[in-house]
Amino acid sequence: MYNIIKFETLPSTNKYLKENYQNHDEFTVITTDNQTNGKGRMTRVWNSTKDDLTFSILLKPNIDSSYISQIPLIIGASLCIIINKYIKSEIKWPNDIMVNNKKIAGILVEGITSNKVDAIVVGVGINVNSISFPDDLLIKATSLKKELNKTVDKEKLLNQIIKEFIILYNEFLNGNKKYLNICIENNYLKNKQIYVNNELIEVLDINFNGNLIIKDSNNNIKELYYGEVTLNKVYEE
Ligand code: BTN
């Protein structure tokens, strides 16, 4: 059903799959304990230690590229369901998982498209057992071990997540939007005031297209699409 390949070291599991997707089947999972040049969203870096989980899942779906924006929500819902088995987590639309107001996991989905979708690489970084963070991240980031005060079995966690993801992803391909219900029920941003592209807005909900429903500063209700927004100042500092 899926195949996990572990490398001793890699610059980036996403980069590896983007360069090698033709040599691997769908649901190949690439992981390493030593990712040396991890990528975050919007040219950010993703730093991790051997105590954390970094992995990428290869998809080769027969879908229109407009559906790629649903994939972060599907993996986000999977992460939320599984992390909830350990501690209550929430999805910060569209790409982060939060625990106790701090980021515990990040998602980077990259599509490889020609005139169709050739492949999709679903990259995930989870702070699992690391307990020290650089000063600038201390108020923003946490790990499972920090929150639970105990070490978590990374291999078990990885397998739980992949299994849940494959279920929700196959349901999505069959037109079932269960993943969206999970995003709606675990919406970290709901009723929060946040800055989007420098405008203070209020988040109302996530709708059944996976878009964020907001009320802007003039009290107009609007829909925000994946990719068009930069969210800032949502952390309670
Ligand atoms: C973010 O929060 O900005 C997204 C972080 C995604 C990090 C993961 S770690 C595994 C995969 N390989 C990468 O280079 N990035 C993703």
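These legends describe close-up views of a predicted model.

**View A. Helix H2 crosses helix H5.** H2 spans residues 71–83, and H5 spans residues 178–185. Their axes come within 9 Å. The crossing angle is roughly 65°, and the crossing is left-handed. H2 contributes Leu73, Ile74, Ala77 and Ile81 to the contact. H5 contributes Tyr179, Leu180, Ile182 and Cys183. By class, the contact holds 8 nonpolar residues, no polar ones and no charged ones.

**View B. The buried face of helix H5.** Four residues are labelled here: Tyr179, Leu180, Ile182 and Cys183, which are buried in H5. Seen down the helix axis, the buried residues of H5 fall within an arc of 155°, so they line one face of the helix. What do the buried residues of H5 pack against? Their partners are helix H2, helix H4 and two strands, E4 (90–92) and E9 (199–206). The H2 part of this packing is the contact shown in View A, where Tyr179, Leu180, Ile182 and Cys183 of H5 meet Leu73, Ile74, Ala77 and Ile81 of H2.

**View C. Glutamine 160 on helix H4.** H4 covers residues 154–173, and glutamine 160 lies within this helix. Which side chain makes a polar contact with the side chain of glutamine 160? The partner is tyrosine 86, at 2.6 Å. Beyond its neighbours within four places in sequence, glutamine 160 is in contact with Ile82, Lys85 and Tyr86.

**View D. Lysine 190 in the loop after H5.** The loop runs between H5 and strand E8 (193–196). Is lysine 190 buried or partly exposed? Its relative accessibility is 37%, so lysine 190 counts as partly exposed. Setting aside residues up to four places away in sequence, lysine 190 touches Val203, Leu204 and Asp205. For scale, take valine 45, which is 145 residues from lysine 190 along the chain. The C-alpha atoms of lysine 190 and valine 45 are separated by 27 Å.

**View E. Serine 130 in the loop between E7 and H3.** Strand E7 covers residues 117–126, and helix H3 covers residues 144–148. Serine 130 has a relative accessibility of 6%. The cut-off for buried is under 20%, so serine 130 counts as buried. A polar contact of 2.9 Å links its side chain to that of aspartate 52. With neighbours within four places in sequence left out, the contacts of serine 130 are Thr49, Asp51, Asp52, Ser143 and Lys146.

**View F. Aspartate 33 and two lysines.** Aspartate 33 sits in the loop between strand E2 (28–32) and strand E3 (53–59). Its relative accessible area is 27%, so aspartate 33 is partly exposed. Which lysine side chains join the side chain of aspartate 33 in polar contacts? Lysine 6 does so at 3.0 Å. Lysine 154 does so at 2.7 Å. Not counting residues up to four places away in sequence, aspartate 33 also touches other residues, among them Phe7, Glu8, Thr49, Lys50 and Asp52. Phenylalanine 55 gives a further reference point, 22 residues from aspartate 33 along the chain. The C-alpha atoms of this pair, aspartate 33 and phenylalanine 55, are separated by 9.3 Å.

Key. Residues numbered from 1 in each chain as written. Predicted model: local features only at pLDDT ≥ 70, side-chain atom pairs only at ≥ 80, totals over all residues. Heavy atoms only, no water. Axes fitted to C-alpha atoms, helices over the stretch in contact; angles between N-to-C directions. Left-handed = near helix turned anticlockwise from the far one by under 90°. Contact = heavy atoms within 4.5 Å. Nonpolar A, V, L, I, M, F, W, Y, C, P; charged D, E, K, R; others polar. Polar contact = N/O pair within 3.5 Å; in protein donor to acceptor, adjacent residues only side chain to side chain. Buried < 20%, exposed > 50% of the residue type's maximum accessible area, 1.4 Å probe, protein only. Arc of directions from axis to C-beta.
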